[in-house]
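I opened the notebook for two look-ups. One concerns a sheet, the other a single side chain.

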Amino acid sequence: MVCPEDETSTKCIVKTISTQNKWTFLVRPNYTVKAFLEDVARNSEISNFQLFLETSNTEEFILLNEQKDKTLLEIGINFDYDSVNNLLLHPMKEEDTGNEVTEKITINTLPMTDSMSDDDLALGASASPTEPADSTTIPPLPALMFKCDNMEDSKPLKARKTTAFVGLVNQAMTCYLNSLLQALFMTPEFRNALYKWEFDGVGESKSIPYQLQKLFLKLQTSEKPAIETTDLTRSFGWDSTEAWQQHDIQELCRVMFDALEQKFKNTQQADLINQLYQGTMIDYVKCLECGTEKSREDTFLDIPLSVKPFGSTVAYGSIEEALRAFVQPETLEENNQYSCDTCNKKCNAHKGLKFSKFPYILTLHLKRFDFDYQTMRRIKLNDKVTFPQTLNLNNLVNTSNPGFGTAAETEAMTTKMSDDCSTVTTDSGSALEEESCSATTTITNNEPDTQEDDEGIDMSTSTDHKTNTSHASGPFIYELFSIMIHSGSASGGHYYAYIKDFDSGEWYCFNDQTVTSITQEDIQKSFGGGRALYSGVYSSSINAYMLMYRRIEPQRNTSVMSKDDFPQHIKELAERLEKQQMDPDRNSADTMKVKVYFYNPGILKMEHMQIDIQTYSLFDVALTRAYNYHGVSSFYPKEDCRLVAYDRDMDCVVKSFEGHEQEAFGDLWLPYMTYDLLIETRQPGETFEPYEENGISVKVFTVDLETADVDGPFHVRTKGSRSTIGEFRELLREKLKITDVQPLDIAYKDDCVYFLRKDQDATGLNLISSTKVFVTTSGVKVGEESEVTFKRLTEQFSELIELYIVLPERDKETLEKMSIPAFKPKIPSRTATPVQETLAVVENGEIPGGSSPLPEPESNSEDSSLSDGDRTLVESLPAANTSSQSSCTENGEESDKQESEYTFKAYPCWKQSTGVKHEKPIDVMKILVDRRMEVDDLKVHLQEHVGVPKKFFKLMRKVIIPRELSNQTLNDLKEREGVYVELGRVLKLTEHLCKVYFLKVSDVTDDVEKLPYVCEWIFEDDTKVGETLVKLLKYLATLDEKYVHLVPERCRLRKMAWRGLGGVYHNDQIFGEDIHFNTDHEIVLQEVDDASPAVVTSDDSVLLLRRWNPSTLTLDPFREIAFGPGSELRKVISDLSGIPLEDVEYDKVTGAFPRNSLQVMNIQTVLEWSKTPLNNEMWAITDGSVYYYRDAKEELKEVTPEERRQLAAKGIFKSDHFSTGSASPRREKALKIYLDLSPKKQND
């Protein structure tokens, strides 16, 4: 049976006719004949030869040289289990080229099969002839070969050859960064995907993907032996001091992946990290009585493997063994039994993990750094842990997962394994091979060595332990390609990487600036168990720390992208980098920085960004770059976009460039460099209008003299002064679809209102771009009322601005939750939604006849509500003294208020996509409004469209920092800008919005990091604390059932201090007089329980006490006391605890309450225990202070090593808090990548 491609390998033994030298190759089915011939030539050092494959008919041979484009499987190489393929190499002289050699070959010259020894059959891979090799050089390693046949004469030398790969300069201590970068660079799928990502032109120095892209491009194309990484680390937000920090390579991998995920959002690479590196596992608990299993699925990016079992002195021998231990379930028994819902009692159970899917790129982290609880120091574990170069993980996967493999694969998983492999079914549901979970084909020699014996080691697995050749069927078979190595001790060391080049199959050592070839002997040395004879803080050794495997999947496995296949933007970047490298001091004149505008319909705002465009790039390429940088694909296809010259000040198009898309950008743009570019868009079915230079774009409004209604704007382009009045009239009729029989009168305002003459042939149209032009078909007669009306309306509408109002969720449930009354006008409003004829205008997504980039509205089938994330205002009860009844009264008064003299018109709202994946569409409503109108008047008009009274919403302008529109005019707003409505109380000067947290002292444990958040509440001046407390509790009862039991007699309010609790607010105190609010004021709602005093007077200081028990190494729960005048703290503690007064010791604990920053093992020695009397009058006593106390005569418990380990396993103390002796370990700075600001800027 022929095995599936890449799931098995076979041996090809090549012998020469003349010398009988032989080479053994381990090959795969999808390996091409051409590549195989190149391997044979490289290892035989024979450049001109013919290679023949022996067939079952010993008199017939297949000439491989004639079938170079086929795979080895296609030409007849036998890939059946345990098969051997014999090939004959016939060296050719120059004069033999082209001659037929096959005729000269007879079966007598091919004693291949007969001469094959058992050792030949056991040979895994070899790379040199049997004859002694020249010891002065090392031949290049083949793609699938690793070991020499003749070990005596062909021992690998220590010399290393120069490679084509480029190193990375170590900035100081950035070897961990260099090693990871080289591993990612040598991962074809990661590198290719990164090249496909296109930089948007914003923040070049801070763009991590762009700087990583540049670095990879330099690594692939640079002629330098090594390149710098400073540009990349600057994009991390690191300064020069970060280069002197030692960090963990696995930690960097996670942090960098997190940063890339953030930067890849809303791009085609948004899910890249998950697609390549993310696997899934099941976290389960299974009752051993009823068999009920509860589970949840988790994801992982790497698998941390213990080098040693906890508490053991013997390490795992291989990663296969460590993986089996990783999924070995823990038994919950005795005091740690599982509470089973089915059995309704506590039962023994199994708790563990099982894999459901392994990632495409598998990352294994060997946890070589540990903590020695005897010496209380961090140590490095240098034990030997072997790992194969081909790894089968199918036996570790939960086969019950419906997504596992194909039907055939699933069936194969249930078939009987080899007799040599016993299987054990675990509670995780996985069949684990007891001998090996590896898919490595280790071919061992079971016969005694003979004179011409090969060593008989298949180095496709580099383990030295015996493995079985049985392969579990399934998709999860992996090949090793990266080994991250740590050389040093737990206190410091050096990282470098062994990485395999997938194209050649050769292994290289990437050690900062140096890249050299390595042998399999080097790889085996990385197993560990080296020269360090003991594990200690300063013991040092060289061993593998992190491994990367790639799944063998022919349909997905790819090679790195060649220069010819680079995307256009990468080719341009490569050209720039090449020019900079050739002449780094030259200020490139081939690059133009151009500002490109785009009206983003997702945020309803004109955006711009500056991008670099090569002068020799085609104009169409410039469009592609701008299109990608702005993310226009979320709204418009590229064919519906074009680049035009744009005058931002006048908000008009200067010129279009149709027909010149294939010309050089620099030649076209040079005359217009004083302008910017605009991505102009069109709706489906529309055509782009050519814009000639010196033309003008006007905004046209239609006016109905009878109803005083206005509509528009419609964007119309004219020839300007070259156009006659007649031509302009015909253009307006065409754009606005006005028939010839209808009258058409035109007016515009400059310093006063002008009427356009009806002389058709008159020239000199005195209009400028962005002029508002008003037209009417009502019929205007000179000297009559119609002329006066048209002039008045033109004057009135001349300050109109087009805005888009984004409406929030305003359904009944949302309003009730926020305690906001619905708007109920007493009288019909003139500002109600206009009549139906305006619907056609808006539903088309663009005003007819214009070039407005307003997107086409989406289907109205979507829910009209916004997501909860769009609500940022108060979502709690309004001010306590405001009721819905009084709001309704005020509501009615507002409806009767005399309306503004300025124009306001609203259009029906539509659904608009935000362009962000998985984000709900927003409700958008177009309005025409006079820019002279004040914000408060605008809110009066909007309240019936929003559905709530104006005092319950804000108008927000989304600039860099969103800010509320204050009570001023709308002059600062831009045309077509979005204004966001956010619900919530608009605070008065006497109102204060505060976050409220909940405290119950008896519930505070060491697991509580911070007090739970309850809600936001408006506290009002001139109200008593007791009254506010009553109303707050009433509201909380409706908010959540867990607060229903709270009553004012058992609750109090107090201040939340910076690092803990503040003073208690007494019920008779008044907000604004006795209690003053500051910025970000926060309040604690405390439930009084048995651990708290029931009554606290204004003279009391409220303190938190906690007893330390040295004999048991435990802390008692918190206890709150009212520390009154004349009291002495030690006496209070003695009365409370029963400790004799003379034995009471205490110390004040600083730190954020409720989080306990002290570790249990440190409390006895770190705190400064005191017997000094302390009374209420002393300055050190403040509300919310925390004091630990103890019995001075209580002896400290002696902790055994086993108890220390148990304490550590329970997380009761951390290793980095311990230090013995005079040597203090250097504090390691946390590894962070700052996506926006550096740490200094963040602190500022």
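In what order do the 5 strands of the open sheet stand? I am working from a predicted model. I read the order as S32-S31-S35-S33-S34, with mixed pairing.

Next I looked at the edges. Strand S32 (709–718) and strand S34 (753–755) stand there. Each has a single partner strand, so one side of each is left without a neighbour in the sheet. I also took the twist: neighbouring strands are turned by 30 degrees against each other on average, direction ignored.

Then I followed one pair. Strand S31 (residues 696–704) runs antiparallel to S32, and 8 bridges join the two. For register, I noted that Ser697 is opposite Arg717 in S32.

What lies across the sheet strands S31, S32, S33 and S35? I found helix H17, residues 725–736. Strand S33 covers 745–749 and strand S35 covers 772–776. Helix H17 runs at about 120 degrees to S32.

Second look-up: Asn192. I placed Asn192 in helix H6, which spans residues 188–196. Is Asn192 buried or exposed? The relative accessible area of Asn192 is 9%; the cut-off for buried is under 20%, so I log Asn192 as buried.

Which residues does Asn192 touch, leaving out those up to four places away in sequence? I listed Thr558, Ser559, Val560 and Met561. I then checked the polar side of this. The Asn192 side chain reaches the backbone nitrogen of Met561 at 2.9 Å.

Conventions. Residues numbered from 1 in each chain as written. Predicted model: local features only at pLDDT ≥ 70, side-chain atom pairs only at ≥ 80, totals over all residues. Heavy atoms only, no water. Pairing = 2+ DSSP bridges. Helix = DSSP H or I, 4+ residues; strand = E, 2+ residues; numbered from the N terminus. Axes fitted to C-alpha atoms, helices over the stretch in contact; angles between N-to-C directions. Contact = heavy atoms within 4.5 Å. Buried < 20%, exposed > 50% of the residue type's maximum accessible area, 1.4 Å probe, protein only. Polar contact = N/O pair within 3.5 Å; in protein donor to acceptor, adjacent residues only side chain to side chain.
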